[in-house]
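Biologist: Could you take a close look at one helix for me and walk me through how it sits among its neighbours? Keep it informal, and tell me where the picture comes from as you go.

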Amino acid sequence: MMDILYTGPVPVERGGGGGGVMGDAGGGGGGRGLATTTTHNSQRSNTCCFCWCCCCSCAWNEEERKRRRHRKSHDTKMDAILNCEACTKPSSDEIGLWSQSFDKLMRNPAGRNVFREFLRTEYSEENMLFWLACEDLKEEINNASIEEKARTIYEDYISILSPKEVSLDSRVREVINRKMEEPTPHTFEDAQLQIYTLMHRDSYPRFLASGFYRSLLHGSSRTSSES
């Protein structure tokens with residue numbers, strides 16, 4: 001029979017007493033060494049299998065990540081949002097205006113960024129991305145670029161094969177298919193209006209009632225009062 005070579009850790013003999021590696025049965029030091037090592041290891045947190053490194057996806061690290069996220073300031077959160085679309089940091093008055101009407105929110109670049117971030121939490125960011133792409137197309141004057149951008153928008157947001165397909169009724173889809181034969185800057189005008197209305201009626205009320213918006217509003221008010 002083939003002998004199996006043991007490659008695991010070897011208990012260390014502590015103090016005097018027992019003979020051999022494990023010590024004798026009469027209370028030798030080797031036995032105490034093993035017990036001491038085992039007891040010491042059992043006192044370590046069992047939240048991670050083999051190590052304490054921060055790369056582990058264990059419960060301890062998950063709780064730590066949550067605490068770090070909560071410690072992020074309002075300014076840091078806003079700065080990250082503003083990276084989506086180039087704009088200046090909104091004042092507390094601007095943030096307050098976003099609750100007055102959806103039109104005021106959508107006309108403000110920072111407002112669009114914040115609303116887009118909220119839509120991402122609801123897995124409907126494609127609505128804002130489609131709306132922004134349509135706005136960009138309207139500004140285009142080069143015919144070749146118009147056709148290229150129109151086809152990109154169609155493939156990204158209209159095609160049923162796209163993972164970012166927006167929700168449109170059959171009538172609007174038929175209109176788009178006809179217009180795609182000769183794309184113009186206004187090819188998606190009806191679809192853009194339908195998505196705008198959807199965001200206004202469906203997502204906007206939830207945005208105003210969300211902790212996401214309230215935290216921004218509260219943070220901006222506190223910053224203004226401190227300055």
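Modeller: Let's settle one term before the helix pairs come up: an axis here is a line fitted to C-alpha atoms, for helices over the stretch in contact, and an angle runs from 0 to 180 degrees between N-to-C directions. Also keep in mind that this is a predicted model.

The part I'd zoom in on is α9, residues 170-179. For context, the protein chain has eleven helices and zero strands, and buried residues make up 33% of its 227 residues. Among contacts with a separation of 6 or more, 49% join residues 24 or more positions apart.

Start where α9 starts. A side-chain oxygen of D169 gets to within 3.2 Å of the backbone nitrogen of R171 there. Moving into the helix, which residues of α9 are buried? They are V172, R173, V175 and I176. Those four cover an arc of only 160° around the axis, so they sit on the same side of α9. The general rule behind that kind of pattern is that an α-helix has 3.6 residues a turn, so residues three or four places apart point the same way. Flip over to the face turned away from the buried side and you find the exposed residues S170 and R178.

So what sits on top of the buried side? The cover includes α8 (143-158) and α10 (189-209). Take α10: α9 and α10 pack with their axes 9 Å apart, at an angle of about 150°. The cut-off for roughly antiparallel is over 145 degrees, and α9 and α10 therefore count as roughly antiparallel to each other. On the α9 side the contact is made by R171, V172, V175, I176 and K179, and on the α10 side by D190, A191 and Q194. R171 thus turns up again, having already appeared as the partner of D169 at the helix start.

Now follow α10 away from α9. It has another partner in α6 (109-121), and the axes of α6 and α10 come within 11 Å and cross at roughly 90°. That makes α6 roughly perpendicular to α10. V114, F115, F118 and L119 of α6 make this contact with M199, S203, Y204, R206 and F207 of α10.

Some of those names come back in the largest nonpolar core, which has 36 residues. The residues with the most contacts inside that core are F115, F130, F188, M199 and F207. Helix α9 is one of the elements that give two or more residues to this core, along with α5 (102-107), α6, α7 (125-138), α8, α10 and α11 (211-226). M199 is a handy place to look around: leaving aside neighbours within four places in sequence, M199 is in contact with F102, M106, F115, L119, N127, M128, W131 and Y204.

One last stop, since α8 is part of the cover over α9. E140 lies in the loop between α7 and α8, and at 16% relative accessibility E140 counts as buried. A polar atom of the E140 side chain lies 3.2 Å from the backbone nitrogen of N142. Not counting residues up to four places away in sequence, E140 touches S145, I146, K149 and P185.

Key:
Residues numbered from 1 in each chain as written. Predicted model: local features only at pLDDT ≥ 70, side-chain atom pairs only at ≥ 80, totals over all residues. Heavy atoms only, no water. Buried < 20%, exposed > 50% of the residue type's maximum accessible area, 1.4 Å probe, protein only. Arc of directions from axis to C-beta. Contact = heavy atoms within 4.5 Å. Polar contact = N/O pair within 3.5 Å; in protein donor to acceptor, adjacent residues only side chain to side chain. Core = buried A, V, L, I, M, F, W, Y, C linked by side-chain atoms within 4.5 Å. Parallel < 35°, antiparallel > 145°, perpendicular 65-115°, else oblique.
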